[in-house]
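Student: I should like to learn how descriptive terms are justified from a structure. May we work through one together?

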Amino acid sequence: MLNSNAKNRLDRLPIGKFHKMTLVAVSFAYFFEFADINSFAVTAPRLIKLWGITVDQVAYVTSLSFVGMFLGSIVAAWMADRWGRKRTLDITTLWFGVFSLTSVFSWNLVSLGVFRVLTSAGLSAMTVVAVIYVSEMFPSTVRGKFQAYAIVIGICGTPATNFVASAVVPLNDWSWRLVYLWGALGIAYMFLARRLKESPRWYEDKGDHAAADAVLGEIEKEIAAEKGPLPEPEPPVEAPIREKAPLRILLQKRYLWPTLLLVVLWVTQTIGFFGYSSWAPTLLAKEGFSVEKSVFYVALSTVGAPLGSYLAALVTDRFERKWCLVVFGAVIALCGLFYGLTFNPVLIVVFGFLVNLFERGYTALGYAYSPELFDTHSRSLGTGVSYGLGRLSNAAGPLIIAGLYNGSGYRSVFFFIAGTWLFGSVILAVFGPRTKQRPVPLAAPKELARA
């Protein structure tokens, strides 16, 4: 048994330049993740006209992209455990930037679909690792707030991309490619990456206490020079050296329940959110709005996204995260239903704004909530698998939405999406454990087995 004290040493640190630089770097990666994730959605209306593709073909490309997200999440969980949180964050961010750049040179729907699957794998992988990294590097009393702050900055990539698309897509027959070039700018994250440090909690979990102590010493020295003498940490605790966590560890009783709960959370969030964001421009264009107007309306509505993440930052460490998620999910269901029941441009923007506001608040809360349900040993796998299965579920989501639209019309799509959000809220309300002010656990939390 060896002494493990990274949690206590990190928890007693005041917020300093180190934390702020970490926030900037992660937020930058998030910005271009959110900037790139809807690139196909905002270019699809133009491609329908240029390449003659159908709604069903849009659904297939979107579905395959979520298969890529699933694979990216699983691989990222394995990489983050094997190679470290920071190194994996670097690799996955570079990956999605490079393949977004290759999308610029697509010559038909098949080539664009392949590039988007590879890009999506990187986007999802980066998100999984970033969530884990923030949860392990910030003090437990404020980690939810800083997780949300990272999303506040990052989510600005969504309206930024939509406004870029509304400006460049209508210009000519090739200008849609500039949207993918915009997403590729995430590669610039590598200039910030050198300022990040590996998670000392990951080092400790691997039994490399010397490396953990070295990193902690560097962080403490930097913050002490800025803030003055640091308080003494709580006494260390005994922790065993563990072998690499196998995938089957999630079948153990103490991990299975939080994994299943988070699968429901991320399945309903994925189908619910991407049902709006991936389809709104295309469905509005199909219902008679011009491509320019449909993209512009969606761009206006996504202005609510960063405000929603900021709202999450205000409530995440003040109220129980479980109940914040429940309330946000129910509001999204209601506003999304109203969105689908109107063709008034003003109301489309208003309800779309509210959907984006509460959905991005929900996502920020979910990013803080998910890693709290696992200990360090299982956190990467538990977060990655549950998030990945959520993304995989949307391989079927676009096909369901296309079938509903073609069979029952525009409004049926939004009844389905609203029902999805409501279902997730009910499950979380009934079965979700509380996590407010609880430190990220070193060992499996007993209360989760009873939840």
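**Terms and their grounds**

Tutor: We begin with the interior of this predicted model. The largest nonpolar core has 92 residues, and those touching the most other members are Val-26, Tyr-30, Leu-89, Ile-219, Leu-265, Tyr-367 and Tyr-369. Another core, of 17 residues, lies apart from it and includes Phe-40, Val-42, Ile-48 and Tyr-180.

Student: Which residues is Leu-89 in contact with, leaving aside its neighbours within four places in sequence?

Tutor: Leu-89 is in contact with Val-26, Met-126, Val-129, Ala-130, Tyr-133, Tyr-189 and Leu-196. For the protein as a whole, 86% of the contacts between residues at least 6 apart in sequence join residues at least 24 apart.

Student: Why is Arg-360 called buried?

Tutor: Buried means under 20% relative accessible area. Arg-360 has a value of 3%, and therefore it counts as buried. This residue is in helix 18 (residues 345-372). Not counting residues up to four places away in sequence, Arg-360 touches Phe-34, Ile-151, Ile-155, Thr-158, Phe-273, Ala-305, Gly-308 and Ser-309.

Student: What makes Arg-46 buried?

Tutor: The relative accessible area of Arg-46 is 12%, under the cut-off of 20%, so the residue is buried. Arg-46 belongs to helix 3 (residues 39-50). Its C-alpha atom is separated by 7.3 Å from that of Val-169, although the two residues are 123 residues apart along the chain.

Student: Is Lys-17 buried or exposed, and how do you know that?

Tutor: Exposed means over 50% relative accessible area. Lys-17 has 58%, so the residue is exposed. Lys-17 lies in helix 2 (residues 17-37). Lys-17 touches Glu-222 and Glu-226, not counting residues up to four places away in sequence. The C-alpha atoms of Lys-17 and Lys-227 are separated by 9.7 Å, with their positions 210 residues apart along the chain.

Student: What are the classes of Cys-156 and Cys-335, and why?

Tutor: Cys-156 has a relative accessible area of 32%, which lies between 20% and 50%, so Cys-156 is partly exposed. Cys-335 has 8%, under 20%, and therefore counts as buried.

Student: How many disulfides does the protein have?

Tutor: The count comes to zero disulfides, the rule being a pair of cysteine sulfur atoms within 2.5 Å.

Student: How do you know that the span of helix 6 agrees with the expected one?

Tutor: Helix 6 (residues 109-137) has 29 residues, and at 1.5 Å a residue these should span 42 Å. The end C-alpha atoms are 41 Å apart, so the two values agree.

Student: What makes helix 6 mostly covered, and which residue caps its N-terminal end?

Tutor: Of the 29 residues of helix 6, 25 are buried. The cap is Asn-108, with a side-chain oxygen 3.2 Å from the backbone nitrogen of Val-110.

Student: What span should helix 4 have, and what follows helix 4?

Tutor: Helix 4 (residues 55-83) has 29 residues that should span 42 Å at 1.5 Å a residue; its end C-alpha atoms are 41 Å apart, so the values agree. Helix 4 is followed by Gly-84, whose phi is positive, near 110 degrees.

Student: How many helices and strands does the protein have, and what part of its residues is buried?

Tutor: The protein has 22 helices and two strands. Of its 451 residues, 62% count as buried. The protein exposes about 16,700 Å², of which carbon and sulfur atoms supply 67%.

Definitions and conventions. Residues numbered from 1 in each chain as written. Predicted model: local features only at pLDDT ≥ 70, side-chain atom pairs only at ≥ 80, totals over all residues. Heavy atoms only, no water. Helix = DSSP H or I, 4+ residues; strand = E, 2+ residues; numbered from the N terminus. Buried < 20%, exposed > 50% of the residue type's maximum accessible area, 1.4 Å probe, protein only. Contact = heavy atoms within 4.5 Å. Areas by Shrake-Rupley, 256 points an atom, 1.4 Å probe, with all protein chains shown as cover. Core = buried A, V, L, I, M, F, W, Y, C linked by side-chain atoms within 4.5 Å. Expected span 1.5 Å × (residues − 1). Polar contact = N/O pair within 3.5 Å; in protein donor to acceptor, adjacent residues only side chain to side chain.
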